[in-house]
Amino acid sequence: LSSPPTEMVLRNDTLIVVAPSYMINVLNKNTGSTYWSKSLSTKYAHLYKDKIVYNDESLGRVTVLSLQTGNVISQSLPINVTMGSINSISYVYNDAFYYNTMDSLFCTGVTDGVLKWRKYYHGYFTKFIVIENIVYGVKLSDNSNDELKLMRMNAVDFLVKDSMRVPKGGYKDFSILSATNKYY
């Protein structure tokens, strides 16, 4: 790992590390020995049950890997967008994979790889955080280069609950902590 990982997740005795170099490494957390390592065409992969799910930027397909072996279990049909414009901003919720590409939000089934819906959205998202049944999204504002929208939406259908404009400065550092029925 030549640079700080974008994500580290512990699952039992397994440490899953996703590096900015598009590498995923699955290690024994106690010994550091490598179970498997693989180059992915994304910086963002999601742990889903005993699988890893991500949007393959080079193929335009939602890809599901075995956590135990790193082998491809399934891939969706490619989405119809220009390659190179695929965005990895995504999340997994209720057996579905949600992701933002160019001007659209997509929902693809994790178990069957079928595209459930596509919604056109002006602007694009730079981050998603899911807490319970709410997804918080940071969206570039339609009318200003200096502002962003922090949006609170239903995780299953992107129905907007509320939003507010915020300065553009620290959107990459945006995070949410939930504790005792309060959010920070």
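**Exercise 1. Work out how confident the predictor is in this model, and where its confidence is lowest and highest among the elements.**

Step 1. Start with the whole chain. This is a predicted model, and the protein chain has an average pLDDT of 79. Of its residues, 76% score at least 70.

Step 2. Now go element by element. Strand S18, residues 182–183, has the lowest mean pLDDT, at 62. At the other end of the scale sits S8, with the highest mean, 93.

Step 3. Check the start of the chain too. Residues 1–5 have a pLDDT below 50. Leaving aside near neighbours in sequence, that stretch makes nine contacts in the model.

**Exercise 2. Find the order of the strands in the open sheet of four strands, and say which strands stand at its edges.**

Step 1. Read off the order: S5-S6-S7-S8, with antiparallel pairing.

Step 2. Look for strands that have a single partner. Those are S5 (46–48) and S8 (72–75), so they stand at the edges and each has one side without a neighbour in the sheet.

Step 3. Add the twist. From one strand to the next, it averages 30°.

Step 4. Zoom in on one pairing. S7, covering residues 61–66, runs antiparallel to S8, and three bridges join the two. If you want a spot to look at, try Thr63, which stands opposite Gln75 in S8.

**Exercise 3. Track down the three salt bridges in the whole structure, and decide whether their residues are exposed or partly exposed.**

Step 1. Begin with Lys49 and Asp95. Their side chains form a salt bridge, with N and O 3.6 Å apart. This pair ties together distant parts of the chain, 46 residues apart. Lys49 lies in the loop between S5 and S6 (51–56), while Asp95 lies in the loop between S9 (86–93) and S10 (96–101).

Step 2. Classify that pair. Lys49 has a relative accessible area of 52%, and exposed means over 50%, so Lys49 counts as exposed. Asp95, at 35%, is partly exposed.

Step 3. Move on to Asp50 and Lys51. Here the closest N and O atoms of the salt bridge are 3.0 Å apart. Asp50 is partly exposed at 36% relative accessibility. Lys51 comes in at 22%, and buried means under 20%, so Lys51 is partly exposed.

Step 4. Finish with Asp162 and Arg152, whose side chains meet in a salt bridge at 3.2 Å, N to O. Asp162 belongs to strand S16 (residues 160–167) and Arg152 to strand S15 (residues 147–154); the two are 10 residues apart. Both are partly exposed: Asp162 has a relative accessible area of 38%, and Arg152 has 28%.

**Exercise 4. Describe the largest nonpolar core: how many residues does it have, and which strands supply them?**

Step 1. Count the residues. This core has 15. Those with the most contacts inside it are Tyr91, Tyr98, Phe125, Phe128, Met153 and Phe158.

Step 2. Sort by strand. S9, S10, S11 (104–109), S13 (125–131) and S15 each contribute at least two residues. S9 gives the largest share, three residues.

Step 3. Take a closer look at Met153. Not counting residues up to four places away in sequence, Met153 touches a list of residues including Phe125, Phe128 and Phe158. Also among them are Tyr121, Ile134, Val135 and Leu159.

Step 4. Put the core in context. In soluble globular proteins, nonpolar side chains tend to be buried together.

Terms used
Residues numbered from 1 in each chain as written. Predicted model: local features only at pLDDT ≥ 70, side-chain atom pairs only at ≥ 80, totals over all residues. Heavy atoms only, no water. Pairing = 2+ DSSP bridges. Axes fitted to C-alpha atoms, helices over the stretch in contact; angles between N-to-C directions. pLDDT = per-residue confidence, 0-100. Contact = heavy atoms within 4.5 Å. Salt bridge = Lys/Arg side-chain N within 4 Å of Asp/Glu carboxyl O. Buried < 20%, exposed > 50% of the residue type's maximum accessible area, 1.4 Å probe, protein only. Core = buried A, V, L, I, M, F, W, Y, C linked by side-chain atoms within 4.5 Å.
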